[in-house]
Amino acid sequence: MPRQKSERFIVPIGPQHPALKEPGHFEFTVEGEVVTNATARLGFVHRGMEKGAESRTWTQDLYLMERVCGICSHVHSMAFVLGVEKLANVQAPPRAQAIRELVAELERIHSHILWLGVAAHEGGFDTLFMFSWRDRETVMDLLETISGNRVNYSANVLGGVKVDINERQKDELLRGMDFLEERTRHYLKVVTEDDTFLGRTRNIGVMTFEEATRLGAIGPTGRASGLLRDVRMDSPYAGYPDFPIQIVTAKAGDLEARFVVRIKELFESYRLVREIVEKIPSGDLTTKIPRRIPEGETVSRVEAPRGELFYYIKSNGTDRPERVKVRTPSLCNCASVLTTAIGHKLADMPMILAGIDPCFSCNDRMVVLNGPAGQSLWDWEKLRQYGIEYYKK
Amino acid sequence: MPIGSMLGDIVKSFFKKPVTEKYPFVKTAAPENLRGKLVWNPENCSGCQLCIKDCPANAIELITIDKVNKRFVMRYNLDKCTYCAQCVVSCRFHCLEMSDDQWELAATHKEPFEVYYGREEDIKFLLEKAALGAPEEACPEA
């Protein structure tokens, strides 16, 4: 039998477990083993949080927003609280701002080490995964010591923070940073020198500076392609004006560069944590904030471990927000996966996907259903009818 | 170091104890800031209900027994609680705190998740009333 001319084939990956333990659907068109086209479908974990925020008070929303993401919970509550404070024209005291930055940097450390482990696991380097996650426990314990919880720190309240750090905790923080710095130096050496691992990362998923600009890549993904884009530097918030960061970039734009940028950012975070611990300003932790937030709208941006996190908050003068819009960094970086995937082997896809440090669950905001007649706007009655019909089948 | 850059770590691990905690057998103390079970001390409570208003999970209720003499019973739902400690911050009289030693809260049935705080006779009165099927006095919206 003669062979078919075209060997084009579509490989669906997901929605269950596409490289990561979060739902997202990808379709890779392959010719032989080489990917020639890629499409993504998101929206499997829409949780209606933005709508939910409208029926809760400002204080209650703080904790709802904290649960948008399971890894970077603090930055979500910080983005929300900074926006609300801006609307209410209230400034949290300097000590509170410094503690916000401290928790944010500790969270960045935990998130970057978590990513290091996940990405190593996708590359088949489980030793690095196990050891880096063991070391990550250090920073998780530090976060628990400071805030009282490992994941949802709830360090923020409207108008300040609810956790303080004492001398003993400062000592623990410094000791933890010393240990982690030593380990991180080792990991940097491993990911830049180990030949077997470099085979999976060097020149894989290359995104040039021009491409990164065109696709609007943000966070470490963009910085690995040479983009100078970091909200902490561009418009400092919380404690960042007093404790500034130094931006870390790389030129290559491949997976190795993303490893290097994230690991070097860890060193930057260790430096910041030490600086804050040494020079933390004294004073109050909270300031008074009204229960009814004055009418107005605002945009609040913070740098999450994955890139710029964007909050739009609108108040109508009551004790509940009128609209809260969240845009998480993973959404901006998703397009880069689809572009950089082309030309690589199918086996590299999990690595390229993990390379942007995606967090699908937090970026799923809304699902637009395309109706039978190409309609995309449905009213409640129609949606209900669709639901009934769907399950009748 | 072309290959096997983590071999050193592996070899070292052979001579070390596992890093995992032997949790149910050996218990390490929780940090003092830990947000465990909520504890209510009725002594200073004025019944302002700010804690209830701010609770994101609607896990606490204050049932008024005698408003004039400030006798309240607090019903706390452990399973609804998100352990955020907002109520502790909201309380102006420092009646609430989150315990750092009561955190092993798992149970196989629902009853232990409903905790009553207040005077013993008040709780008894309330539970007896509930057993009779009488509607309890709901706390008015503050």
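**Exercise 1. The contact between the chains**

Determine how many residues of chain B are in contact with chain A, and which elements of chain B give two or more residues to that side.

*Solution.* In this predicted model, the contact joins 20 residues of chain B to 25 residues of chain A. On the chain B side, the elements that give two or more residues are α1 (7-14) and α3 (86-90) of chain B. Sorting the residues of this side by character yields 13 nonpolar, four polar and three charged.

**Exercise 2. The sheet of chain B**

State the order of the three strands in the open sheet of chain B, and explain why one side of β2 and of β5 is left without a neighbour.

*Solution.* Begin with the order, which is β2-β3-β5 (chain B), with antiparallel pairing. Next, consider the edges: β2 (60-66) and β5 (114-117) of chain B each have a single partner strand, so each has one side that no other strand of the sheet adjoins. The average turn between neighbouring strands of this sheet is 20°, direction ignored.

Then take one pair in detail. Six bridges join β2(B) to β3 (residues 71-77) of chain B in the antiparallel sense. Within this part of the sheet, I60(B) has Y76(B) in β3(B) as its bridge partner.

Finally, place the helix. Helix α4 (residues 120-132) of chain B lies across β2, β3 and β5 of chain B, and its direction makes an angle of about 65° with β3(B).

**Exercise 3. A strand pair in chain A**

Identify the strand that pairs with β1(A) and the bridge partner of P12(A), and decide how many residues of β1(A) are buried.

*Solution.* The partner of β1(A) is strand β2 (residues 25-31) of chain A; the two are antiparallel and share six bridges. P12(A) has E27(A) in β2(A) as its bridge partner. For burial, the criterion is 20 or more other C-beta atoms within 10 Å of a residue's own. Among the six residues of β1 (residues 8-13) of chain A, the count of buried residues is zero, and the strand is hardly covered.

**Exercise 4. Two crossing helices in chain A**

Describe how α3(A) and α4(A) cross, and list the residues that meet.

*Solution.* First, the geometry: the axes of α3 (residues 73-88) and α4 (residues 94-122) of chain A come within 8 Å, with a crossing angle of roughly 145°. The hand of this crossing of α3(A) and α4(A) is left-handed.

Second, the residues: α3(A) contributes H74(A), V75(A) and M78(A), which meet R100(A), V103(A), A104(A) and E107(A) of α4(A). By character, the residues of the contact of α3(A) with α4(A) comprise four nonpolar, one polar and two charged.

Definitions and conventions:
Residues numbered from 1 in each chain as written. Chains lettered and ligands numbered in written order. Predicted model: local features only at pLDDT ≥ 70, side-chain atom pairs only at ≥ 80, totals over all residues. Pairing = 2+ DSSP bridges. Helix = DSSP H or I, 4+ residues; strand = E, 2+ residues; numbered from the N terminus. Axes fitted to C-alpha atoms, helices over the stretch in contact; angles between N-to-C directions. Contact = placed C-beta atoms within 7 Å. Nonpolar A, V, L, I, M, F, W, Y, C, P; charged D, E, K, R; others polar. Buried ≥ 20, exposed ≤ 12 C-beta atoms within 10 Å, placed from the backbone. Left-handed = near helix turned anticlockwise from the far one by under 90°.
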